[in-house]
Amino acid sequence: MTIVKRFTMTAILACGTAFAAQAATLPADWTVVGNAGIGGANGVVTAPSATDSGYYYVSTFGGPQGGGQLPGLGGTNGSTVTTGAFAAAAGDALEFLFNYVTSDGAGYADYGWARVIDAVSNSQVALLFTARTTPGGDTVPGFGMPQPEATMVPADTPIIPGGPVWDVLGSDSGNCYDLGCGYTGWIKSTYQFQNDGLYQLQFGVSNWSDTSWHSGMAFSGAIVGNVVITPPVDPSPVPLPASALLLAGGVAAMGALRRRRGA
């Protein structure tokens, strides 16, 4: 499994535009498996708040086999991003915003998630939430998934249906495979730590029964007390060199030819 820090070329090539907002991306102490980066308002993913114009993301597009899976829950390919370590005391509240976006539907139940892990033992402290493709009802908590330990606002989280436009989905941006595709909009997650400790925040997304019709998750504004976990990002576009633009156009053209369920 390939470990990639700072940015993924896969994400850059997927854009097919003259700019790539994720070209200078993640904090140096974060770790990425697969495709993660930063972005700004794009398609169905708006700016997360009046004070934050940018966000971080993970995507199944370009993610390796086994990437993005929660232990014991399965899936195919996907991506994971883990923040640097931070200290929290018992009673401290962890808050952040997230937006789950999927082009998949019907029985192909892609999923996204966030959890807190112990920075020393790498063991799970709390599964904050899961978000999962579903033809009806709430997307969070994901159906058939473990119950979340964080509180969501709003409490009701039905998918906003349709083929979601978001560059992070690569060639599946704007497309939809049956009922269940769409996006949640920005949701606030709040969790209270039970013990003092050194922790990390982890996000992931996984395809389910195949490796196509991609899903992704944006997140922003993570804070514990006065400690900022996800620093504000500048989503200003960064020009791509001409060679990368030609490759991006090739990727986009190949994606346009694939409009069937892939294995």
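Let's start at Ser220, which sits in strand β15, residues 215-224. Keep in mind that this is a predicted model.

Is Ser220 buried or exposed? Its relative accessibility is 6%. The cut-off for buried is under 20%, so Ser220 counts as buried.

What does Ser220 touch, once neighbours within four places in sequence are set aside? The contacts are Pro48, Asp52, Gly54, Tyr55, Phe96, Leu97, Trp186 and Thr230. Two of those, Phe96 and Leu97, lead us to the next strand.

That strand is β7, residues 93-102. Leu97 stands opposite Ser220 in β15. The two strands, β7 and β15, run antiparallel and are joined by 8 bridges.

β7 has other partners. Strand β13, residues 187-192, runs antiparallel to β7, with 6 bridges. There, Leu94 stands opposite Tyr191. Strand β12, residues 182-183, is also antiparallel to β7, through 2 bridges. Thr102 has Gly182 of β12 as its bridge partner.

How enclosed is β7? Of its 10 residues, 7 are buried, so the rest of the structure largely encloses this strand.

Now to β5, residues 78-82. Here 5 of the 5 residues are buried, so β5 too is largely enclosed by the rest of the structure. Which residues point which way? Gly78, Thr80 and Thr82 point one way. Ser79 and Val81 point the other way. That fits a general pattern: in a regular strand, side chains alternate between the two faces of the sheet.

β5 pairs with two strands I want to show. With β2, residues 31-33, the pairing is antiparallel over 3 bridges. Thr31 stands opposite Thr82 in β5. With β14, residues 197-206, there are 5 bridges, again antiparallel. Ser79 stands opposite Val205 of β14.

Next, the nonpolar packing. The largest nonpolar core has 36 residues. Which residues have the most contacts inside it? They are Val81, Phe96, Phe98, Leu128, Phe129, Phe193 and Leu201. A second, separate core has 11 residues, including Val44, Tyr55, Val101 and Trp166. As a general point, nonpolar side chains in soluble globular proteins tend to be buried together.

Last stop, Leu201. Leaving out residues up to four places away in sequence, Leu201 touches Val81, Thr82 and Thr83. It also touches Phe86, Leu94, Phe96, Arg115, Val116, Leu128, Ala222 and Ile229. Look at Phe96 on that list. Phe96 is also in contact with Ser220, where we began.

Methods:
Residues numbered from 1 in each chain as written. Predicted model: local features only at pLDDT ≥ 70, side-chain atom pairs only at ≥ 80, totals over all residues. Heavy atoms only, no water. Buried < 20%, exposed > 50% of the residue type's maximum accessible area, 1.4 Å probe, protein only. Helix = DSSP H or I, 4+ residues; strand = E, 2+ residues; numbered from the N terminus. Pairing = 2+ DSSP bridges. Core = buried A, V, L, I, M, F, W, Y, C linked by side-chain atoms within 4.5 Å. Contact = heavy atoms within 4.5 Å.
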